[in-house]
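Thanks for coming. I have one structure to go through today, and I will keep to what the coordinates show.

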Amino acid sequence: MEERAVNILLVEDEENLHEALKLNLELESYQVTSAYDGNEAIKAVKNEYFDLIILDVMLPEVDGIAVAETIRISNNEVPILMLSAKNTSADKVLGLKKGADDYLTKPFNLEELLIRVHKLIEKNLKLQDKSTLGNSYTFGGNIIDFKAQEASTKYAGKVQLSKKEAMLLKLLIENKNEVVTREKILQYVWGYNVYPTTRTIDNFILNFRKYFEKDSRNPKYFHSVRGVGYKYSE
């Protein structure tokens, strides 16, 4: 996958602070998308992949706590750094409980924020890059050779896989019995920040069912989870 800029969603309604943060993040070579209220933030997350969200608590329309809760319903992986003038222990605990990975109180030191941003992004990228599979995987009489990009299947014989088919199979199998979101699939396999239609993934899943399932209409291994993503199970 081609190297891409790290993408940050900055959600802050205080214009001067927003512009100062955006400038400094861009000086660190991050790509920054701006949102100034809660609704804009929720819409942005639905349409684009982010490596980190910097989220103010006190926002117009929908506050940061509600935004974090909404994001976590469908995306439990993107790191959220919450910013707030509320500095009591109870406020911090609430923010962390509702989905923040880190909580920084205003006023804050810019260098400290940049260090926290870097650490959260680094941790997230390491989690994405983990690979627990070797070059091959066997299930239900099927053998996948990821390196050769081919499969010996029980029902379809020998199948030559495209690079993206092999990548998607590996991603789904590495997350066996867990739903993998469309966002994660499109970012990991296709490297997109802005998502195309998910019909692309649907077609790949249909192919996998033809290759590996006894009855493609009643799949045992490759499942679609409506509105969320896809799952490989055994």
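I will take the sheet and its helices, then the two hairpins, then the cores, and end with two glutamates.

A caveat before the details: this is a predicted model.

Start with the sheet. Five strands make up an open sheet, ordered β2-β1-β3-β4-β5, and the pairing is parallel. At the edges are β2, residues 31-35, and β5, residues 102-105, each of which pairs on one side only. On average, neighbouring strands of this sheet are turned by 20° against each other, with direction ignored.

Helices pack on this sheet. Helix α1, residues 15-27, touches β1, β2, β3 and β4, and its direction makes about 165° with that of β2. Helix α2, residues 38-47, touches β1, β2 and β3, and for that helix the angle of about 165° is with β1.

Inside the sheet, take one pair of strands. β3, residues 52-56, and β4, residues 80-84, run parallel and are joined by four bridges. Within that pair, Ile54 of β3 has Leu81 of β4 as its bridge partner.

Now back to α2. At its start, a side-chain oxygen of Asp37 comes to within 3.0 Å of the backbone nitrogen of Asn39. Which residues of α2 are buried? They are Gly38, Ala41, Ile42, Ala44 and Val45. These residues cover an arc of only 160° around the axis, so they sit on the same side of α2. As background, an α-helix has 3.6 residues a turn, so residues three or four places apart point the same way. The cover over the buried residues of α2 includes β1, β2, β3 and α3. On the face turned away from the buried side, α2 carries the exposed residues Lys43 and Lys46.

Helix α3, residues 64-74, can be read in the same order. At the start of α3, a side-chain oxygen of Asp63 reaches to within 3.1 Å of the backbone nitrogen of Ile65. The buried residues of α3 are Gly64, Ile65, Val67, Ala68, Ile71 and Arg72. Seen down the axis, they fall within an arc of 160°, so they line one face of the helix. What do the buried residues of α3 pack against? The answer is α2, β3, β4 and α4, the last being residues 89-97.

Next, the hairpins. β6 is joined to β7, residues 142-145, by four bridges, and the two strands run antiparallel. Thr138 stands opposite Ile143 in β7. Two residues lie between the strands of this hairpin, and Gly140 takes a positive phi near 50°. Along β6 the side chains alternate: Tyr137 and Phe139 point to one face and are buried, whereas Ser136 and Thr138 point to the other and are not. In general, side chains in a regular strand alternate between the two faces of the sheet.

The other hairpin is made by β11, residues 222-225, and β12, residues 229-232, which run antiparallel with four bridges between them. Here His223 stands opposite Lys231 in β12. This hairpin has three residues between the strands, and Gly227 has a positive phi near 80°.

On to the cores. How many residues does the largest nonpolar core have? It has 29, and those with the most contacts inside it are Ile144, Leu172, Ile185, Phe208, Phe212 and Phe222. At least two residues of this core come from each of β6 (136-139), α6 (163-174), α7 (182-190), α8 (199-212) and β12. Take Leu172 as an example: leaving aside neighbours within four places in sequence, Leu172 is in contact with Val180, Ile185, Ile205, Phe208, Phe222, Tyr230 and Tyr232. There is also a second, separate core of 22 residues, which includes Val45, Phe50, Val57 and Tyr103.

Last, the two glutamates. Glu14 lies in the loop between β1 and α1. Why is Glu14 called partly exposed? Its relative accessible area is 45%, and the class runs between the 20% and 50% cut-offs. The C-alpha atoms of Glu14 and Lys106 are separated by 12 Å, with these positions 92 residues apart along the chain. Glu122 is in helix α5, residues 110-129. Glu122 has a relative accessibility of 36% and so counts as partly exposed. Glu122 and Lys147 are 25 residues apart along the chain, and their C-alpha atoms are separated by 27 Å.

That is the end of the tour.

Technical notes:
Residues are numbered from 1 along each chain as its sequence is written. This is a predicted model: local features need pLDDT of at least 70, side-chain atom pairs count only at pLDDT 80 or more; totals for chains, interfaces and linings use all residues. Side-chain values use heavy atoms; hydrogens and water are left out. Two strands pair if DSSP finds at least two bridges between them. Axes are lines fitted to C-alpha atoms, for helices over the stretch in contact, and angles run from 0 to 180 degrees between N-to-C directions. Contact means heavy atoms within 4.5 Å. Buried means under 20% relative accessible area, exposed over 50%, partly exposed in between (1.4 Å probe, protein chains only). The arc is that of the directions from the helix axis to the C-beta atoms. A polar contact is a pair of N or O atoms within 3.5 Å; within protein, one must be able to donate a hydrogen and the other to accept it, and residues adjacent in sequence count only if both atoms are side-chain atoms. A nonpolar core is a set of buried Ala, Val, Leu, Ile, Met, Phe, Trp, Tyr and Cys residues joined through side-chain atoms within 4.5 Å.
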